[in-house]
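Me: Got a minute to go through this one with me? I'd like to start with the helices and then poke at a few residues.

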Amino acid sequence: MNHAHADNERRELLEQIRAIEFMTIDLNLYLNTHPNDRRALNEYNYYTRQLQALRREYEMRYGPLTNFGYSLSQYPWAWINEPWPWEEDHYMEGC
Amino acid sequence: MWVYEKKLQYPVRIKNPNPKMAKYIITQYGGPDGELAASLRYLSQRYHMPIPEAKAVLNDIGTSLTKLLI
């Protein structure tokens with residue numbers, strides 16, 4: 001697999017995570033003031049499950065998204081792997 | 001408590017660097033009336049909220065604003 005292709009897949013997966021995270025944040029904020037809205041709550045749980053699955057997939061392929069005990073790491077300790085978000089130029093092409 | 005996420009909430013590519021605009025944006029972020037100050041105000045105001053809905057709103061807006069910045 002060439003580099004551009006791998007970066008593309010990584011970017012697409014991150015894009016999906018971002019989109020679903022946006023749904024869960026907004027539904028969360030709405031539910032704070034509408035805690036009895038069953039439809040919104042179902043949607044929140046639906047997208048939360050999707051988000052959990054996508055994050056798991058991302059972390060298995062590209063390393064931990066979080067630290068301090070929220071994500072597992074392979075050997076060697078992968079948290080220090082670059083790029084950091086403020087460095088990632090190569091897979092941000094076109095955004 | 002915060003957990004750092006090793007990704008951007010919304011990535012942007014700067015095609016035309018513009019120092020004047022950069023200065024303006026950084027002020028909107030970190031300046032006296034910026035997002036960072038606002039988020040910390042929300043987090044202080046949450047302690048004075050009388051009902052669960054309001055506590056949650058201020059807690060969550062305060063935290064999601066900081067996530068946007070860092």
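**Helix pair in chain A**

Reply: Helix 1 (residues 3–33) of chain A and helix 2 (residues 38–62) of chain A have axes that come within 9 Å and cross at roughly 150°. Axes here are lines fitted to C-alpha atoms, for helices over the stretch in contact, with angles from 0 to 180 degrees between N-to-C directions. That makes helix 1 of chain A roughly antiparallel to helix 2 of chain A (the label for angles over 145 degrees). Keep in mind that this is a predicted model: local features need pLDDT of at least 70, side-chain atom pairs count only at pLDDT 80 or more, and totals for chains, interfaces and linings use all residues. Residues are numbered from 1 along each chain as its sequence is written, and chains are lettered from A and ligands numbered from 1 in the order in which they are written.

Me: What sort of residues make up the contact of helix 1 of chain A with helix 2 of chain A?

Reply: That contact divides into 15 nonpolar, 5 polar and 5 charged residues. Nonpolar covers Ala, Val, Leu, Ile, Met, Phe, Trp, Tyr, Cys and Pro, charged covers Asp, Glu, Lys and Arg, and the others, Gly among them, are polar.

Me: And which residues are buried in helix 1 of chain A?

Reply: A:Leu14, A:Ile20 and A:Leu27 are buried there. Buried takes 20 or more other C-beta atoms within 10 Å of the residue's own, exposed is 12 or fewer, and partly exposed is in between, with C-beta atoms placed from the backbone. Helix 2 of chain A is included in what covers the buried residues of helix 1 of chain A.

Me: OK, what follows helix 2 of chain A?

Reply: A:Gly63, which has a positive phi, near 100°. A:Ala78 is also in the segment after helix 2 of chain A.

Me: What does A:Ala78 touch?

Reply: Leaving out residues up to four places away in sequence, A:Ala78 touches A:Gly63, A:Pro64 and A:Ser73. Contact means C-beta atoms, placed from the backbone, within 7 Å. A:Ala78 counts as partly exposed because it has 14 C-beta neighbours inside 10 Å.

Me: Switching chains: is B:Gly30 buried or exposed?

Reply: B:Gly30 is exposed, since 12 other C-beta atoms lie within 10 Å. B:Gly30 belongs to helix 1 (residues 19–30) of chain B.

Me: Last one, how many residues of chain A are in contact with chain B?

Reply: 17 residues of chain A, against 14 residues of chain B. The chain A side has 11 nonpolar, 5 polar and 1 charged.

Note on methods:
Two residues are in contact if their C-beta atoms, placed from the backbone, lie within 7 Å. Helices (H or I, at least four residues) and strands (E, at least two) are DSSP runs, numbered from the N terminus. Angles under 35 degrees count as roughly parallel, over 145 as roughly antiparallel, 65 to 115 as roughly perpendicular and the rest as oblique.
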